[in-house]
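Let's take a walk through this complex together. Keep the viewer open, and we'll go from the confidence scores to a few strands and then to the empty spaces.

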Amino acid sequence: MTSEIKHDTSASTALDRSDVRVKHATGVSGRISAFLDRVRSGDLGSLPVIVGLVIIWTVFTSLNPIFVSSSNLVNLLFDCSTVGVISLGIVCVLMVGEIDLSVGSISGFASALVGTLWVNQGWPVALAILAAVAFGGLIGSLYALLFNRLGMPSFVSTLAGLLAVLGMQLYILGSTGSINLPYGSNLVNFGQLLVMPDWVSYGLAALPGIVMLVTGLRTVNRRRAVNLSARSVSGLIVRALAITILLELIIAYLNQSRGIPWMFGLFVGLVVAMNYALTRTKWGRSMTAVGGNREAARRAGIKVRSIYLSAFVLCSMFAALGGVLSAARLASASQQAGTGDVNLNAIAAAVIGGTSLFGGRGSAYSALLGIIVIQSIASGLTLLDLSSSLRYMITGAVLAIAVIVDSLARRSRVSHGRA
Amino acid sequence: MTDTPEGPVSAGELVLSLRGISKHFGAVSALTDIDLDVHAGEVVALVGDNGAGKSTLVKILAGVHQPSSGTITFRGKPVTMPDPSAALTLGIATVFQDLALCENLDVVANIFLGNELNPLQLDEVAMEIRAWTLLNELSARIPSVREAVASLSGGQRQTVAIARSLLLEPKLILLDEPTAALGVAQTAEVLNLIDRVRDRGLAVVMISHNMEDVRAVADRIVVLRLGRNNGVFDPDASNQELVSAITGASNNAVSRRAERRRAEREQIGRGQTQEQRP
């Protein structure tokens with residue numbers, strides 16, 4: 001009986017809309033109420049970041065109007081790129097429910113390695129960078145080995161790594177303690193000066209809207225062709241237009257000053273690539289699955305150990321790359337590189353951006369959004385000329401709030417039947 | 001790994017054969033000297049009390065555990081299954097009792113987990129269609145395949161798990177308590193599905209506590225008791241025989257009631273014959 005009734009649904013109904021018990025959001029009001037439902041049940045997405053950003057920017061602008069000046073914001077983008085790349089690696093390990101506490105040390109070590117190999121030993125700069133990133137990957141594979149074969153919690157192994165790698169950094173820097181990278185070299189220019197020409201930045205800002213429209217239309221056509229429900233074309237156009245206009249306005253404002261740093265372009269490029277890898281490839285699906293339910297992933301035939309290996313290696317490689325970028329930004333490789341708040345900022349950025357500490361939930365974009373929040377706080381506090389003691393306390397409080405929001409949202413998701 | 005014969009199984013082919021399978025967990029012997037044969041187009045029900053070793057046996061067949069001793073022959077060739085993917089490659093699909101779904105992924109992602117189409121650019125549309133096709137074959141009541149599995153009920157999750165096991169066109173399906181969490185209609189659907197799977201020439205091993213379900217679909221009933229083989233029964237075997245094989249005791253509630261019923265029937269029968277006599 002039941003099967004007859006079910007197959008009776010008219011052919012015009014889309015395959016995925018034949019069940020009458022499910023509410024489907026239609027129209028603008030439907031989408032808004034669906035969004036509110038989602039937020040209420042703890043699926044916050046990037047909402048906390050945007051609210052946080054608005055609050056932070058309002059407060060700092062009212063305290064010091066220079067904060068929103070385009071020159072300060074361009075500086076902000078330079079600063080974002082270095083720790084942002086490290087944070088992107090943190091997203092990888094958090095996705096599988098692990099952590100890497102040594103990213104700061106790895107970044108410091110990578111900057112020291114580039115300084116030694118390039119400036120002191122006379123290696124070509126590209127080769128030195130490659131060596132630093134490869135060494136980062138080696139450290140990551142060591143963590144993976146300890147985790148996979150010896151069952152050592154990543155929390156402990158990377159805590160040990162934090163000290164060990166810091167020791168290696170001090171060792172190769174030797175008694176001098178710091179190596180200055182030559183001003184005027186390509187690497188330092190990249191980290192301090194190079195910005196996109198206006199036409200490049202405007203062109204790149206138009207790209208997301210175009211890609212969104214093209215892929216969106218293709219998906220709509222494919223889904224319509226096989227009798228699945230699809231989003232409305234007009235809504236798609238509106239969204240693409242809105243995003244393009246917003247980005248172009250931001251670019252126009254920033255171009256009043258120096259413009260968009262190439263280094264920030266590299267960071268965003270890496271974020272977009274990682275986002276694609278995490279959401280649209282089998283590897284990314286496996287990462288999410290391992291973070292959500294390791295045993296289920298194993299039984300589905302996923303090679304769980306290789307997934308952990310890839311997460312740890314990627315994280316350490318991103319950390320090393322971030323270290324090279326920050327060396328370029330500071331034009332030096334010193335004993336202080338990668339120490340202090342680098343570790344915490346990178347982890348905080350990923351969590352504030354919406355990647356869960358509990359694994360299985362997150363996005364590459366959380367590194368981008370989160371690091372903008374963190375650097376906004378740092379930049380605002382610097383402008384207010386506050387001591388680093390206060391800066392640490394405030395950044396620590398923000399991290400605590402972010403983790404509380406994550407925990408509460410998770411609890412709410414569980415009680416509302418959303419993982 | 002040994003290469004296995006490809007292509008469809010012929011009717012009645014001996015798909016799986018276990019000889020002398022034992023499994024120890026430390027000092028505990030979960031399984032001792034288990035023999036089991038499963039043919040194509042046959043549903044074998046595995047029944048036994050709690051702790052009889054049913055789930056352990058299924059986990060060995062699924063490659064989750066490795067046997068301590070004994071041989072597994074799959075389609076005429078001895079095989080070892082060091083991990084679950086080896087079992088999947090051979091053509092053994094498993095629906096575990098705890099379902100093994102990722103709650104943070106949606107239904108489509110769960111069905112295709114480990115077998116995604118187009119690994120470098122996931123083909124979401126094709127996967128969604130295949131998911132709906134599988135679910136419709138099961139007459140599944142899944143509201144949306146784009147919802148996270150966390151939002152589904154127990155029965156819906158069972159359906160998703162079964163749909164997933166069918167994805168790879170396996171030769172042998174292992175079902176661990178497939179109907180335990182299902183409603184009446186869904187139980188009937190799953191039993192229908194098991195029938196359909198058998199008619200397609202696949203071998204099915206099913207664990208169940210529910211004798212009605214077992215009798216409804218099984219061709220043979222294999223009883224395990226305390227980790228050992230304890231008899232093979234016809235689906236026509238009486239409840240009493242089965243229960244005594246499962247529990248190892250002939251004096252229990254089922255046998256007592258059956259005894260009482262028979263006695264009552266005989267009495268009524270005698271009464272009727274007496275009434276007819278004059």
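What follows is a tour of a predicted model, taken one region at a time.

Confidence comes up early with any prediction, so let's start there. For the complex, the predictor reports an ipTM of 0.85 and a pTM of 0.84. Chain B has an average pLDDT of 83, and 90% of its residues score at least 70. Within chain B, the element with the highest mean pLDDT is helix H3 (residues 107-111) of chain B, at 94, while helix H9 (residues 253-276) of chain B has the lowest, at 70. Where pLDDT is low, the predicted coordinates shouldn't be read in detail.

Now zoom in on strand S7 of chain B, residues 172-176. Is this strand mostly covered or not? Mostly covered: five of its five residues are buried. You can check this face by face. Leu172(B), Leu174(B) and Asp176(B) sit on one side of S7(B), Ile173(B) and Leu175(B) sit on the other, and all of them are buried. Notice that an aspartate, Asp176(B), is in that buried set.

Which strands does S7(B) pair with? One partner is strand S6 (residues 92-95) of chain B, which runs parallel to S7(B) over four bridges. If you'd like a landmark there, Thr94(B) stands opposite Leu174(B) of S7(B). Another partner is strand S8 (residues 203-207) of chain B, parallel to S7(B) and joined to it by five bridges. Here you can pick out two bridge pairs: Ile173(B) with Val204(B) of S8(B), and Leu175(B) with Met206(B) of S8(B). To get from S7(B) to S8(B), the chain passes through helix H6 (residues 184-199) of chain B, making a right-handed β-α-β crossover.

Stay with S8(B) for a moment. Why call this strand largely enclosed by the rest of the structure? Because five of the five residues of S8(B) are buried. Ala203(B), Val205(B) and Ile207(B) point one way and Val204(B) and Met206(B) the other, and every one of them is buried. S8(B) also pairs with strand S3 (residues 43-48) of chain B, running parallel to S3(B) with four bridges between them. In that pairing, Val44(B) has Val205(B) as its bridge partner.

With those strands in mind, turn to the enclosed spaces. There are four cavities of 30 Å³ or more. The second largest cavity, at about 60 Å³, brings back several residues we've just met. Its lining is made up of Ile162(B), Ser165(B), Leu166(B), Ile173(B), Leu175(B), Leu193(B), Ile194(B), Val197(B) and Val204(B). H5, S7 and H6 of chain B are the elements that each give two or more residues to this lining. By class, the lining has eight nonpolar residues, one polar and no charged ones.

The largest cavity has a volume of about 240 Å³, and residues from chains A and B appear around its centre. Of the 21 residues lining it, those nearest the centre are Arg299(A), Ala300(A), Leu88(B), Thr94(B) and Arg164(B). Thr94(B) is the residue we saw opposite Leu174(B). Helix H2 (84-90), S6 and helix H5 (154-166) of chain B each supply at least two lining residues, and S6(B) gives the most, with four. Sorted by class, the lining holds 16 nonpolar, three polar and two charged residues.

Finally, swing over to chain A for an open space. The second largest pocket holds about 760 Å³. It is lined by 32 residues, and the closest to its centre are Asp79(A), Val83(A), Asp341(A), Val342(A) and Gln375(A). Helices H4 (70-95), H5 (103-120), H14 (304-330), H15 (342-352), H16 (365-383) and H17 (388-415) of chain A each give two or more residues to this lining. Which of these elements gives the most? That's H4(A), with seven residues. The pocket's lining has 11 nonpolar, 17 polar and four charged residues, whereas the largest cavity's lining has 16 nonpolar, three polar and two charged ones.

Methods:
Residues are numbered from 1 along each chain as its sequence is written. Chains are lettered from A and ligands numbered from 1 in the order in which they are written. This is a predicted model: local features need pLDDT of at least 70, side-chain atom pairs count only at pLDDT 80 or more; totals for chains, interfaces and linings use all residues. Side-chain values use heavy atoms; hydrogens and water are left out. On a 1 Å grid over the protein atoms alone, a cavity is a set of points where a 1.4 Å probe fits but cannot get out, and a pocket is an open set with protein on both sides within 12 Å along at least five of seven lines; lining residues have an atom within 4 Å of a point. Grid points are joined across faces, edges and corners, and a volume is the space filled by probe spheres set on the points. Ala, Val, Leu, Ile, Met, Phe, Trp, Tyr, Cys and Pro count as nonpolar, Asp, Glu, Lys and Arg as charged, and the others, Gly among them, as polar. Buried means under 20% relative accessible area, exposed over 50%, partly exposed in between (1.4 Å probe, protein chains only). Two strands pair if DSSP finds at least two bridges between them. A crossover is right-handed if, with the strands pointing away from the viewer, the path from the first strand over the helix to the second runs clockwise. pLDDT is the predictor's confidence in each residue, from 0 to 100.
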